[in-house]
Structures are given as structure tokens and as C-alpha cells.
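Reader: I am new to this structure. Please take me through it in short steps.

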Amino acid sequence: MNYDLIVIGSGPGGYVAAIRASQLGIKTAIVEKENLGGVCLNWGCIPTKALLKSAQVFEYLQHASDYGISVSGAKPDFPAIIKRSRSVADSNSKGVQFLMKKNKIDVIEGFGKLLKGGKVEVKDAAGKTTTYTAKHILLATGARSRELPNIPIDGKKVIGYREAMTLEKQPESMVVMGSGAIGMEFAYFYAALGTKVTIVEYLENLLPREDKDVSKEMERVFRKKGIQTLTSTSVESVDTKGKKVTVNIKKKDGSTEKLECDVLLSAVGITTNLEGIGLEEVGVKTEKGLVVVDEFYRTNVPGVYAIGDIVKGPALAHVASAEGIICVEKIAGHSPEPLDYNNIPSCTYTVPEVASVGYTEEQAKEKGYEIKVGKFPFTASGKAKAAGHTEGFVKVIFDAKYGEWLGCHMVGANVTEMIAEAVAARKLETTGHEIIKSVHPHPTMSEAIMEATAAAYGEVIHL
């Protein structure tokens with residue numbers, strides 16, 4: 001019952017931290033109340049990508065004639081698409097089980113709660129409690145769908161991302177409230193399968209955290225796909241009494257309108273899972289619903305740490321994993337480098353995809369940089385034309401004085417696979433000239449990064 005480290009939560013922060021700790025010779029246990037892999041593997045990143053792939057395949061079939069292929073009678077089998085997604089999630093969760101055994105990490109099933117004196121109480125499904133002790137306790141309890149007070153989620157007519165992944169029947173119409181990555185991905189998925197989709201976004205742009213050029217391009221592409229987009233618009237209230245859902249919206253000019261749909265998807269962010277885990281009893285400091293930590297994820301209570309969605313920073317799987325590794329390496333006496341939160345890639349897996357890292361153009365100007373901006377549209381890419389995916393562009397932002405790569409923003413096919421070049425180059429403090437002189441393979445989509453950089457310096461060839 002005694003461990004060097006107990007990790008509470010087995011998402012991409014918790015299970016990665018546990019594995020790294022085990023590699024470093026730390027006797028580790030992990031506590032999980034539901035499925036190994038947490039939200040990401042079971043209800044987030046992985047199963048949504050399976051859904052999106054099905055939608056993409058269906059779109060390909062609808063446009064097969066564009067590629068010289070005749071296909072008739074293709075239609076989506078919604079229950080089969082959902083079933084495949086769940087199968088992919090289950091397979092990945094079993095993969096984490098294997099990794100726990102391989103790394104000799106004890107898996108404790110149940111709800112974990114901090115106790116004073118380096119103890120963790122775990123209540124199992126039957127209600128039985130067992131107490132474990134550890135020198136170090138790492139909180140990685142993640143988050144869930146945020147619920148607005150005036151628009152409660154009932155799981156049937158007003159749903160969150162979990163229900164959106166497991167609906168028994170495809171709705172004919174859907175309103176998506178919120179246009180972050182989750183809202184945009186589900187909007188694309190359902191629209192691609194034939195659902196009439198309307199996105200309602202409170203802020204003035206879709207994907208409001210992205211560069212404005214990216215937001216405008218995605219709005220143009222989504223409208224072309226038949227998705228209605230209402231920005232600078234708020235959902236005031238929802239009426240679920242009738243057969244349909246009535247969504248009362250208010251526009252920027254103060255005018256109101258009623259939208260009718262079968263289902264309203266609430267995608268307005270997340271809420272941290274901090275309730276009932278013993279923070280108050282032990283005296284762990286929190287601020288605005290987040291655990292307060294230092295650069296190595298130590299809380300104000302010695303021996304207690306926190307990572308992932310419950311601490312300040314982007315609520316992304318790869319961020320939680322990086323934080324977990326840094327945290328346990330510090331515990332093991334290593335000297336890890338603190339995480340650079342300005343070099344975290346952000347990806348949205350719609351069609352076309354969106355990927356970005358670093359400053360937007362607006363942010364770079366606000367920071368006082370004199371900048372060089374280059375943009376290369378995929379309409380000028382031979383590979384994009386051959387693939388039939390000419391929508392989107394690569395946009396790069398450099399510091400005019402020293403050539404530092406300040407930001408990279410992409411819309412297009414497979415750009416989520418391309419963004420790592422910019423992340424690695426920025427980490428290595430690469431300059432624009434070094435990117436231009438790094439020979440990129442032809443024909444590829446990735447050439448657009450080199451071409452956009454050349455455009456920033458007035459050296460572009462194919463524009």
C-alpha cells in the first residue's frame with residue numbers, strides 16, 4: 001500500500017507521468033475511476049478522429065467522380081460509424097492497460113481523494129474505501145463539458161461532447177453552441193453526414209483563438225459546405241418542451257431570432273474536475289477553478305503536484321503529457337527545462353484541418369515586434385491540386401530584426417501533420433533564412449511552409 005508516487009487520473013497527463021516515473025525507478029500506482037486513458041482516449045481526441053475519418057471517407061465517395069471514379073448509392077450508416085469509433089477507443093484503452101503492466105504500474109480502480117500526511121483514499125464502485133500512502137501525489141483529474149447555468153445539458157436534446165459521440169440516431173438538424181475545436185469538429189462531422197448544422201459563436205470569429213485569417217478562411221469553407229455560421233451571437237435560452245428544440249439567440253445589433261433543431265450541442269469549453277478530491281481538507285491552493293502550481297507543477301502543499309486541464313495553460317492532451325514528464329523528472333532529481341507555453345501546437349481536425357503555433361499576427365504586433373508576414377495558398381501547390389485539396393494556406397510570421405519565427409498558422413489537408421516542423425524549428429531558434437535554405441521535398445504540402453517563408457522575405461518562387 002506504500003508508493004513513491006500515486007497519480008490520480010489516467011488521462012494523457014496521468015498515464016504518461018506514471019510511465020515516465022516508472023522508467024526513472026519510482027514505485028508508482030495510478031488511480032482511475034472510469035477508463036484508463038481518460039477523456040482523451042475514451043471520449044475525446046481518439047474517438048472523435050475516428051468519427052471524422054468516417055465523415056471524410058463519405059465526402060470522398062460523394063466526390064469520387066472528381067477523381068475519375070464512379071460510385072453510386074453511398075450513404076452513411078450512422079450506428080456503424082458510432083460503433084467503429086467506440087471500438088477504436090476501446091482498443092486504445094486496452095493499449096494503456098498493456099503499458100501499465102509492461103511498466104509495472106499498479107492500477108487502483110476507484111475515486112481517489114487526497115488525505116493529509118501523504119495519503120490517498122480510494123473508494124471503489126462498491127463503496128469500499130482503501131487508504132494508500134505515497135511520498136508524492138500527482139493530481140491529473142482532467143475536465144468535463146462546461147455547462148451554462150441557463151442552458152442545462154439533459155443528455156437528449158441538449159448534449160455535451162460525450163453524447164455527441166454516442167447518439168443512437170443521426171439528427172436531421174443541430175445547433176452547435178461554441179466554435180472552438182470541439183464545436184467545429186462536431187459541426188463538420190454531422191454536416192458531412194447530412195445533418196443541417198448551424199454554429200452560434202458569441203465572439204466575432206469562428207475558432208476565436210486562431211489567427212483572424214484562419215478564422216475567415218474556415219468561415220468561408222464551412223459556409224460553402226452548407227454550414228450556417230452566426231458569429232457575435234449569443235444563445236439566450238433554450239426551450240426543450242416541444243418535439244424540437246427552440247434556441248433563442250441574440251445578435252450583435254440586439255435583434256433576436258428563434259432557431260429550431262433536433263439537438264443543441266453545447267461546446268462552450270470545459271470545467272475542471274476538482275470536486276471531492278480533498279483539496280480543501282489538505283489545503284491545496286486554487287484560483288479561478290484551477291490548482292495553483294509552480295513551473296515544475298508543485299502545489300503549495302509539499303509532496304502534492306498537479307498537471308493537465310486542472311492547472312493554468314492550454315487544455316490539450318499533449319500539454320498534459322509534457323507537464324507530467326517534466327513533473328516526475330523533477331521529482332526524480334533531474335533538471336528538466338520548464339515548458340514553453342508559447343511553443344505549443346494547436347490542432348483542429350475538421351476538413352480542411354487547422355494547425356498553429358506561436359503568435360498570431362495581431363499578438364505579434366501587440367508585443368511590439370516589427371514583423372515580416374508570408375502567405376502561400378494551396379491553390380498554388382501542385383500536390384494540393386493533384387490531391388484535390390486546394391483550400392487553405394500557410395501563413396508565417398517572422399521578427400524583421402532578428403529573423404525569429406514568431407508564429408505559423410495553417411488551414412488545409414493534413415496540416416496537423418505539418419505543424420511539427422514549425423514547433424521544432426522554433427525550439428531550435430531557427431531563422432526565416434534557414435527555413436528558405438532547407439530543401440523541402442517536391443511535390444508535397446509541406447513545401448508551402450518554405451514558400452510562405454520565402455514570401456515573407458520577397459523570395460517566393462511559385463506565386
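Reader: Which cysteines form a disulfide?

Author: This is a predicted model, where local features need pLDDT of at least 70, side-chain atom pairs count only at pLDDT 80 or more, and totals for chains, interfaces and linings use all residues. Residues are numbered from 1 along each chain as its sequence is written, and side-chain values use heavy atoms, with hydrogens and water left out. A disulfide here is a pair of cysteine sulfur atoms within 2.5 Å. A pair with sulfur atoms 2.3 Å apart fits: C40 and C45.

Reader: How many disulfides does a search of the whole structure find?

Author: C327 does not pair, because its sulfur is 19 Å from the closest cysteine sulfur, in C40, too far for a bond. C347 does not pair either, because its sulfur is 11 Å from the closest one, in C45. The search of the whole structure finds one disulfide.

Reader: Is the disulfide of C40 and C45 left-handed or right-handed?

Author: Look at the torsion about the S-S bond. For C40 and C45 this torsion is about -130°, so the disulfide is left-handed.

Reader: Is C45 buried, partly exposed or exposed?

Author: Buried means under 20% relative accessible area, exposed over 50%, and partly exposed in between (1.4 Å probe, protein chains only). Its partner C40 has 11%, so C40 is buried. C45 has 28% relative accessibility, so C45 counts as partly exposed.

Reader: Which helix supplies the largest share of the largest nonpolar core?

Author: A nonpolar core is a set of buried Ala, Val, Leu, Ile, Met, Phe, Trp, Tyr and Cys residues joined through side-chain atoms within 4.5 Å. The largest one has 38 residues, and F186, F189 and Y190 are among those with the most contacts inside it. Several elements each supply at least two residues, including α3, α4 and β10 (196-200). Helices are DSSP runs of H or I with at least four residues, strands are runs of E with at least two, and both are numbered from the N terminus; the largest share, eight residues, comes from α6.

Reader: Which residues is F189 in contact with, leaving aside its neighbours within four places in sequence?

Author: Contact means heavy atoms within 4.5 Å. With those neighbours set aside, the contacts of F189 are L51, L52, A55, F78 and I81.

Reader: Which residue in helix α7 does K395 tie to?

Author: A salt bridge is a side-chain nitrogen of Lys or Arg within 4 Å of a carboxyl oxygen of Asp or Glu. K395 has a relative accessible area of 1%, so K395 is buried. The closest N and O atoms of its bridge to D213 are 2.9 Å apart. K395 lies in strand β23 (residues 393-399) and its partner in helix α7, so the pair ties together parts 182 residues apart in sequence; the partner is D213.

Reader: Which residues are linked with K395 in a network of salt bridges?

Author: K395 also meets E361 in a salt bridge, at 2.7 Å from N to O. This pair links strand β23 with helix α10 (residues 361-366), 34 residues apart. The network joins K395 with D211, D213, E361, K365 and K375.

Reader: What separates E219 and R223 in helix α7?

Author: Their side chains meet in a salt bridge, 2.9 Å from N to O. E219 and R223 are four residues apart in the helix, so the separation is about one helical turn.
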